[in-house]
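Trainee: I have a structure open and would like a close look at a single part. Could you walk me through one strand and its neighbours, and then step back to the rest?

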Amino acid sequence: MSNLTNRFFSRNPYFLSLVLLVIMVVINRALQDNLFEIGPLNGNLRVFTPAILLAIGQTFVIIAGGVDLSIGSIVSMGTAILATQIPTDATPDMIVRAVVLVFLAGLLAGSLNGFGVTALRLQPIVTTYATSFIFAGVALRILPEPGGRLPRELTTFWRNPLQVTESFAIPTSIIAIAIVILLWVLLTKTRYRQFLYATGSKADAAYSTGVRVNRIKFSTYLFSAFFATLAALALTLGSGTGNPRAGDQMTLPSVVAVVLGGTALSGGQGGIIGSIIGALILGLISNIISFASLDSWVRPLVDALIIIIALAIPALVGLARRAWNK
Amino acid sequence: MVKNITLVAEQAVKTYGGVTALSDGNLAVKSGEVLALLGANGSGKSTLSKIITGLISPNKGRVLVDGRPVSFNTPSEARKAGISAVYQELSLIPDLSVSENIWLGHEPLRFGMVNRGEMHKRTQALLDLFKGLYRPHLQPDAPISSLTPDERQIVEILKAMSFDPRLIILDEATASLDSQQVNRLFELVADWKAQGMAIIFVSHRMEEIFRIADKATVLRNGRTVGDRVIAATNRRELVDLMIEGAGLLEQQRQAFEVSDKPVRLTIDDLKTNVLRGVSLTVHDGELLGLGGLHGQGQSDLLMAIFGAIKSSGRISLSGEELHFSHPKNAMNAGVALVPGDRGSEGLLLIRSIFENMLLASWSSYGTPIGMRKARSDSQNVAQELKMVMASLDAPVSSLSGGNAQKVVIGKWLLRAPKLLLLNDPTKGIDVGAKAEFYNLLKQLRDSGTAILFYSSDDDELLGLCNRVLVLHDGQVSAALSGDDLSRDKLVSASMGTVHSE
């Protein structure tokens, strides 16, 4: 790729994903007239939220040069715990205990991943692929079949938009995501941010500078597990019930969302904003496909095509430039 | 405030798997002193410095700081004791900026947050130490990946300084700096001495050692073999300590008549983006030198012959006109090129020595590959080149610089080339490995290989070649041989002042 395009993309890593997001919104709007009304908006974003949270967690791991293939199973485990520990007539005490429990379980799972990658020096892909079966198994042990019903007050709080004034409401999930972004911005001003990118960019150089590379890597798996648990919470509150297989298909989309958002799989670059955009794009794609009432066998095909094209755009732009220069 | 430190390393031992990198490392340095650490590649200099900086832990032996034994398990522990290092393999993070790299791990903080304004200011203050000696784009916010090697080296030096150390190790810190930048660094070293810092200076450049060092410690084969006071020694003595039976580059030229041997390579009016019409002939059994300042078209010439870059003009090999459009064709015609940048062009670092050596010649071992013959052939070449290695199956990354370079050459020797193109092959390797390399060149020449040899080291051209073509601005500015082949003529032709065609 030429120097100029290179520089443009390195200064505006979100540019392509933003363009793609706008295209998806326009198509979606054409198919669904009321897309921007508060009801559908709130509903859509609520559905997208677990995927967004997973993409955020995955970003930490990928920036540090790893990948976490177990987060889908951590979601399954989380929903199983929440659905069994919070019965319909739960007292506030029980709810608090269940939430503490689910986060403890998530962080334990993240620690197991971190232990495998740092202490045992296993490949991240191997480690987290293996542990994903452990967590999936735990989920099925806790809740063998979909079931459970959360208290209505809890779910309605999450499902309904926050009414600011009588005529103005904000989708609850936007508030949740905004809080996460705020925390991320704060985090990027700490030393941890420097260590995170240094570890992913060139771990041995970081080590020789005194960065505790293993601790940083370990911490990223805690982050991904933490966000997976948040995703489990969002998912369970959204559906009001538990499904021990809920996270089965959620892991790989999180990786795709991160890459769509401009974070390189080789590590050392990117950030969560791009991943959020990436997750939104994926959500809109599945929306569009369902609205376009395509045959069911066409869906995965279209899904895959759009993703491949999106991922190939930077390379295609470079190719076009080279052909132009010749 | 005057800093104060003494550091002693005693009988340090480090082994990697089956290879002993350091068998008896000793050194002592104190405040206000520059200690030069010398030795051939693979003699254990880097290993000993890494033990001192806590990057690796020794298997045996001890390190004393201010008389107390210490054991650093991580670089940050050594840094707390006031020891900082400028590494040979740079410790910079490509995706982070200059200031982020310099302050990584000790960023100035405000309310627990990184104080970027302060960091920027302090970085600028450090950069001012090299004011005027780098391009203006070297700013505190520039990403490391956008910098040239010399600028990265400067950042690496500033980074080591940012820790305000009591002892600093400069491991080949001058290798990619130009003379002005080196002068500036040496002024800084003089300042540091005055402040009471101790400096360990690792370098291959004798001239620099005699300029700034007070003492020298010499390592050979992982062992400290001598300490000298610089004022009371000379180059000869130090080189003798570094390599047994030195016999460096005494005149190895041999007067012989090449015109009776067949012509191997003829080039007529070769042009590329850089070359402006070059003609030459190389006979079998001739070692033809290419001289001149860096970047006058020498690399282009070799690459064009090898078919790696596009060119116009006539090239004929043994009288047959050929124009290689791809290195593969050149290889099949018995041409080999040893590249200048071994690390990036010549080696697959994580693969085994065996695989690297065979990479260029698998096709001659049939399908399925005749593994036994391949192994015995590469074993023979390895022995011929006296390679120091754990086994043929060890990864190339486990080798020292000199030995890694032998793998690149061995790779081409396995193909028994008829025409060997050498692109500054001894750049950055030590005298010991060079001496072996010269012997190898002579052997190849005597066995009838035609060799085209570009070197940035005039001594090599004067010592080894019967005939040297000097390139200037893409043209041959002089063809020197016999009595004309002298240092004076070589230097003036490099400047483009002599035309004797």
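Mentor: Happy to; what follows starts with strand E13 of chain B and its partners, then turns to chain A. Keep in mind that this is a predicted model.

Strand E13 of chain B covers residues 263-271, and strand E14 of chain B covers residues 276-283. The two pair in the antiparallel sense over six bridges, and the link between E13(B) and E14(B) is a hairpin of four residues. E13(B) also pairs with strand E16 of chain B, residues 312-317, again in the antiparallel sense, here over five bridges. A good residue to click on is B:Leu265: its bridge partner in E14(B) is B:Val282, while in E16(B) it stands opposite B:Leu317. As you look along the strand, remember that side chains in a regular strand alternate between the two faces of the sheet.

Now for the contact between the chains, to which chain A gives 16 residues and chain B gives 19 residues. On the side of chain A that touches chain B, helix H9 (191-201) and helix H10 (203-208) of chain A each supply at least two residues. H9(A) provides the largest share of that side, five residues. By class, the side of chain A that touches chain B has five nonpolar, eight polar and three charged residues.

Finally, helix H4 of chain A, residues 71-85, reaches 21 Å from its first C-alpha to its last, close to the 21 Å expected for its 15 residues. Of those 15 residues, 13 are buried, so H4(A) is largely enclosed by the rest of the structure.

Note on methods. Residues numbered from 1 in each chain as written. Chains lettered and ligands numbered in written order. Predicted model: local features only at pLDDT ≥ 70, side-chain atom pairs only at ≥ 80, totals over all residues. Contact = placed C-beta atoms within 7 Å. Nonpolar A, V, L, I, M, F, W, Y, C, P; charged D, E, K, R; others polar. Pairing = 2+ DSSP bridges. Expected span 1.5 Å × (residues − 1). Buried ≥ 20, exposed ≤ 12 C-beta atoms within 10 Å, placed from the backbone.
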